Every structure is written in C-alpha cells, then in structure tokens.
Amino acid sequence: MKAITYYEKIATHKQKAYMQMQCHCVLCNTSLELKFENISQEEIKEVASCPQCEIRTRAKTHIIH
Ligand SMILES: [Zn+2]
C-alpha cells in the first residue's frame, strides 16, 4: 500500500487541473473513483471508474519523469 500511495501523490500533483475537469461520470455525474497502478518504476496506469454505473471511463498510462 505504501507504493500505491506514493504514486497517487505524484499523479495527483501533476494532473490536478486535468482531473478536476474530468472527475465526474458522463452518465450520472457521480464523482469518479480514480485508481493508480504502478506498471514499472517509471510508468503508472490511471483508471477512472464510476461506482454508480460500474463502468471504466478511462485507463491511461503515464510516464513519471
Ligand atoms: Zn456513472
């Protein structure tokens, strides 16, 4: 869990403005749940899902510089 928290902080800091624009479900306007999975030491996968619709709205890979 320590590793996940570490990557969450980095991603949130770098993409804060972007996420604030697209942090709600397009179907029901519920706040999306964002999760970050570390693929490697330099890559994280961002997954946004709606707890109401149970859909994944996006899954992207980001390089940590
Ligand atoms: Zn929804």
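# Reading the three-stranded sheet

In this predicted model, Asn38 has Ile44 as its bridge partner in β2.

Colleague: Nice place to start. What is the bridge partner of Phe36 in β2?

Modeller: That one is Glu46. Along with the Asn38 and Ile44 bridge, this belongs to a set of six bridges between β1 and β2, which covers residues 43-50.

Colleague: What makes β1 and β2 a pair?

Modeller: Two strands pair if DSSP finds at least two bridges between them. β1 and β2 have six, in the antiparallel sense, so they pair by that rule. They also form a hairpin, with four residues between them.

Colleague: And how do you know that β2 and β3 pair?

Modeller: By the same cut-off of at least two bridges. Here there are eight bridges, again antiparallel, so the condition is met. One of the residues involved is Cys50, whose bridge partner in β3 is Ile55. This hairpin has four residues between its strands, and Glu54 in the turn has a positive phi of about 60 degrees.

Colleague: In what order do the strands lie in the open sheet?

Modeller: The order is β1-β2-β3, with antiparallel pairing. β1 (33-38) and β3 (55-63) are called edge strands, as each pairs on one side only. Neighbouring strands are turned by 20 degrees against each other on average, ignoring direction.

Colleague: Where do the strands come in the chain as a whole?

Modeller: From the N terminus on, the elements run α-α-β-β-β, giving two helices and three strands.

Colleague: Let's look at Pro51. Why is Pro51 called exposed?

Modeller: Happy to walk through it! A residue is exposed if 12 or fewer other C-beta atoms lie within 10 Å of its own. Pro51 has 12 C-beta neighbours inside 10 Å, so it counts as exposed. Pro51 sits in the loop between β2 and β3.

Colleague: Which residues does Pro51 touch, leaving out those up to four places away in sequence?

Modeller: Thr30 and Glu33. A contact requires C-beta atoms within 7 Å. As for C-alpha atoms, those of Pro51 and Glu33 are 7.0 Å apart, with the two residues 18 apart in sequence.

Colleague: How much of the protein chain counts as buried?

Modeller: Just 3% of its 65 residues; the label takes 20 or more other C-beta atoms within 10 Å.

Colleague: And what share of the contacts joins residues at least 24 apart?

Modeller: Among contacts between residues at least 6 apart in sequence, that share is 28%.

Notes
Residues numbered from 1 in each chain as written. Predicted model: local features only at pLDDT ≥ 70, side-chain atom pairs only at ≥ 80, totals over all residues. Axes fitted to C-alpha atoms, helices over the stretch in contact; angles between N-to-C directions. Contact = placed C-beta atoms within 7 Å.
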